[in-house]
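Subject: Structure handover

Hi,

Here is the structure we spoke about. Please load it, then read the notes below.

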Amino acid sequence: MSPAHRLLVEEYADWYARLYEAAAIVSGADVLVDSSKHAALAYCLRFAPSIDLRVVHMVRDSRGVAYSWTKKVARPETDNAEEMTRYSPGRSALLWNAHNVAFSALHRCGVPVQRVRYEELLERPGETLRELSRFIDIKPGDLPFLDDGTANLSACHSAAGNPMRFTVGPVPLRRDDAWRTSLPGRQRRVVSALTAPLLGAYGYRGAR
């Protein structure tokens, strides 16, 4: 990275640091969770010395991700006038590879990274969240929003994205495995082949 480029990245990260500091002051929170999905932001934030950056790397079976990207989903922030972006299974597989490799390499830059599988979070949410609490060095507490397979969600500050981000109230915690029957076999095999190395590294089985 050239000196000029580094200065731009540091300035960019500093603006984020100021935003986080303001949010912490207003909310009184000790820990802020940024739900951004792209590793590029984490690579930039490591240049902000005031941020104690820790990254939770959530992974999901690539076939499930590919199927999700094929579905028609209205964008709630447009009053359902527009739909969220859709990708072909092949393109989804390539994006899945790129995003996960980027997150997996963050630790080489000195950023603490904790990987969590979507399927494990849904199977044992309490235990998984307690493990994450230890990772970010906070006391886990009793997790009162979890109740017998349900998460009671309060209002968040999302301005755009998947409708799930706007859900308030009780949400059943269950795995969405619709891809196993709804994603055509040929497309499953294409996604499996393109993502095979990382699927194996993350503990997923191959094509079926």
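**The loop after helix 6**

Asp137 sits in the loop between helix 6 and strand 3 (150–153). Keep in mind that this is a predicted model. The phi angle of Asp137 is near 65°, a positive value in a residue other than glycine. Is Asp137 buried or exposed? It counts as exposed, because its relative accessibility is 61% and the cut-off for exposed is over 50%.

Asp148 is in the loop between helix 6 and strand 3 as well. Its phi is near 50°, again positive and again in a residue other than glycine. Asp148 is exposed, with a relative accessible area of 76%.

**Helix 6 itself**

Helix 6 covers residues 125–135, and Glu131 lies in it. Glu131 is partly exposed, at a relative accessible area of 27%. Along the chain, Glu131 and Gln114 are 17 residues apart. Their C-alpha atoms are separated by 9.4 Å.

**Strands 1 and 2**

Gln114 takes us to strand 2, which spans residues 113–117. Strand 2 pairs with strand 1 in the parallel sense, over 5 bridges. One of the bridge partners can be named: Val59 is matched with Arg117 in strand 2.

In a regular strand the side chains alternate between the two faces of the sheet. Strand 1 (residues 55–59) shows this alternation. Val55, His57 and Val59 point to one face and are buried. Val56 and Met58 point to the other face and are not buried.

**Helix 4 against helix 8**

Two packed helices are described by the angle between their axes and the distance between the axes. For helix 4 (residues 89–104) and helix 8 (residues 185–201), the angle is about 15° and the axes are 9 Å apart. That makes helix 4 roughly parallel to helix 8, because angles under 35 degrees count as such. The crossing of the two helices is right-handed.

Which residues make the contact? From helix 4, they are Pro89, Gly90, Ala93, Trp96, Asn97, Asn100 and Val101. From helix 8, they are Gln187, Val191, Leu194, Thr195, Leu198 and Leu199. By class, this contact has 8 nonpolar residues, 5 polar residues and no charged residues.

Best wishes

Methods. Residues numbered from 1 in each chain as written. Predicted model: local features only at pLDDT ≥ 70, side-chain atom pairs only at ≥ 80, totals over all residues. Heavy atoms only, no water. Axes fitted to C-alpha atoms, helices over the stretch in contact; angles between N-to-C directions. Helix = DSSP H or I, 4+ residues; strand = E, 2+ residues; numbered from the N terminus. Parallel < 35°, antiparallel > 145°, perpendicular 65-115°, else oblique. Left-handed = near helix turned anticlockwise from the far one by under 90°. Contact = heavy atoms within 4.5 Å. Nonpolar A, V, L, I, M, F, W, Y, C, P; charged D, E, K, R; others polar. Buried < 20%, exposed > 50% of the residue type's maximum accessible area, 1.4 Å probe, protein only. Pairing = 2+ DSSP bridges.
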